[in-house]
Amino acid sequence: MTLALAVDISLALLVLAVAGWIIAVRDTFGAVIGFVAYGLLLALVWIRLAAPDVALTEAAIGGGLTGALLIGAAARLRGTEAAARAEYPGALTRMLAAILAVTVTAALAIGVLALPDPAPTLAPAATASLAMTGVGNPVTAVLLAFRAMDTLLEAIVVLLALLGVWSLAPDRAWGGCPGPRRLVDPDGVLAYLARLLPPIGIIVGLYIFWIGADLPGGKFQGATILAAMWLLVIWAGLADTPPISRTWLRILLVIGPLVFIAIGFAGAITAGAVLAYPEGYAKPLIVAIEIALMPTLVLTLALLVAGAPQRMPLQ
Amino acid sequence: MSLVLDIFTIVAVSAGAFFFLAGTVGLLRFPDTLTRLHALTKADNLGLGLVVLGLLPQAQQPFDVIKLIAIWLFALLAGATVGQLMARVARRERPTP
């Protein structure tokens, strides 16, 4: 047995153990922390499978952003947790839940085991057509040229999720600032970190966004880092969340999908199909879409974590 | 020369792994939050520092050296900040003796 295989097997066992622990643990906060660790371990698994693009996304979105959302949810649920735990479901409910879970798992297992071996793949076709798109990273080519429709819908879905979060605002706070007001502690370590880290984080975020055309990286991963930097400044109390009624905010929130849709429909005239790019213009159009999507994603991801509007801005 | 560098890597990375192990033992065995935090952050700083130090001779390009050191510095910064924040919460919520 080689050393690499031993590492892979331990990693797989560790992922399974953490997954089992997340399900078994009774404490919501503990389960959320387990989920973050699970996301980071899963990112390592993707690295071992030679899929750095997926690994970056998993670490940024799966572990980091979703983890932050779940920690917020767990903190809100803390008050009701004792009551929820007291309502222990009856034996019949638990048995039905177990049967349902086992059935779903069995169906998934049968589906995976029934996959043809070797699995059908479009990778050679994608690689062969890579030159037509002008980008060097095949993952970016798939996301923004071959399967652009999926990416467009993805960008719209996160925006809809943000509208869902905003709709939880009480009437008096509609149009106001998301989240509680944070008071700055000028000597605090958080304020220190929020002054030190963002300049570096912004460069790293933009670098990961820009390099995505040719190497692993991209807008989602870069946008998550930029959103994290903004949230750090907000949480340290150095800046406040903008009121959601601001026009500039709303324009930036929709500009990414709008540019994407506009270029997509322009493709129907210039290239003969919706979301097709005219020959020779693929690269600049892809870059234009990515640049337009960037502010939308940064704002959407950060505001998702910031939560529903809670208060009106100070006059 | 490469043999010497390889031995240096093995020794430094093993020492780093030992500090991680010691930190984990401390995390599991120490009696209260502050001492557990101490064990954890020490292990992160020293353990990761030694692992990075050991990997430096194996770097292919000068840029990789900078990246490795940057990773260590960021982990130091994050560890120190989060350690401080958690210690403050622990001290505030400590039951009065």
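The largest nonpolar core of this predicted model holds 59 residues, and the members of that core that touch the most others are A:Ala227, A:Leu231, A:Val298 and A:Ala302. Two or more residues are given to this core by each of H2, H3, helix H8 (138-146), helix H9 (148-166), helix H10 (189-211), helix H11 (219-235), H12 and H13 of chain A. Among these contributors, H13(A) provides the largest share, which amounts to 16 residues. One of the residues that touch the most other members is A:Val298, and once residues up to four places away in sequence are set aside, A:Val298 touches A:Ala223, A:Leu226 and A:Ala227.

Stepping back to the whole chain, the reader will find 13 helices and 2 strands in chain A. The C-alpha trace of the chain spans about 60 × 60 × 40 Å along its principal axes, and 29% of the 315 residues count as buried. If one considers the contacts in chain A between residues at least 6 apart in sequence, 74% of them join residues that are at least 24 apart.

Two loop residues can be followed next, beginning with A:Ala50, which lies in the loop between helix H2 (28-48) and helix H3 (52-77) of chain A. The phi angle of A:Ala50 is near 60 degrees, which is a positive value in a residue other than glycine. A:Ala50 is classed as exposed because 8 other C-beta atoms lie within 10 Å, and the cut-off for that class is 12 or fewer.

A:Leu275 belongs to the loop between helix H12 (247-270) and helix H13 (282-306) of chain A. For A:Leu275, phi is near 65 degrees, again a positive value in a residue other than glycine. This residue counts as buried because A:Leu275 has 21 C-beta neighbours inside 10 Å, where 20 or more are required.

A:Val15 offers a further place to look, within helix H1 (residues 3-24) of chain A. Because A:Val15 has 16 C-beta neighbours inside 10 Å, this residue counts as partly exposed. When its neighbours within four places in sequence are left aside, A:Val15 is in contact with A:Tyr38, A:Leu41, A:Leu42 and A:Val45. As for a residue farther along the chain, A:Val15 and A:Ala131 are 116 residues apart in sequence, and their C-alpha atoms are 38 Å apart in space.

Methods: Residues numbered from 1 in each chain as written. Chains lettered and ligands numbered in written order. Predicted model: local features only at pLDDT ≥ 70, side-chain atom pairs only at ≥ 80, totals over all residues. Helix = DSSP H or I, 4+ residues; strand = E, 2+ residues; numbered from the N terminus. Contact = placed C-beta atoms within 7 Å. Core = buried A, V, L, I, M, F, W, Y, C linked by C-beta atoms within 7 Å.
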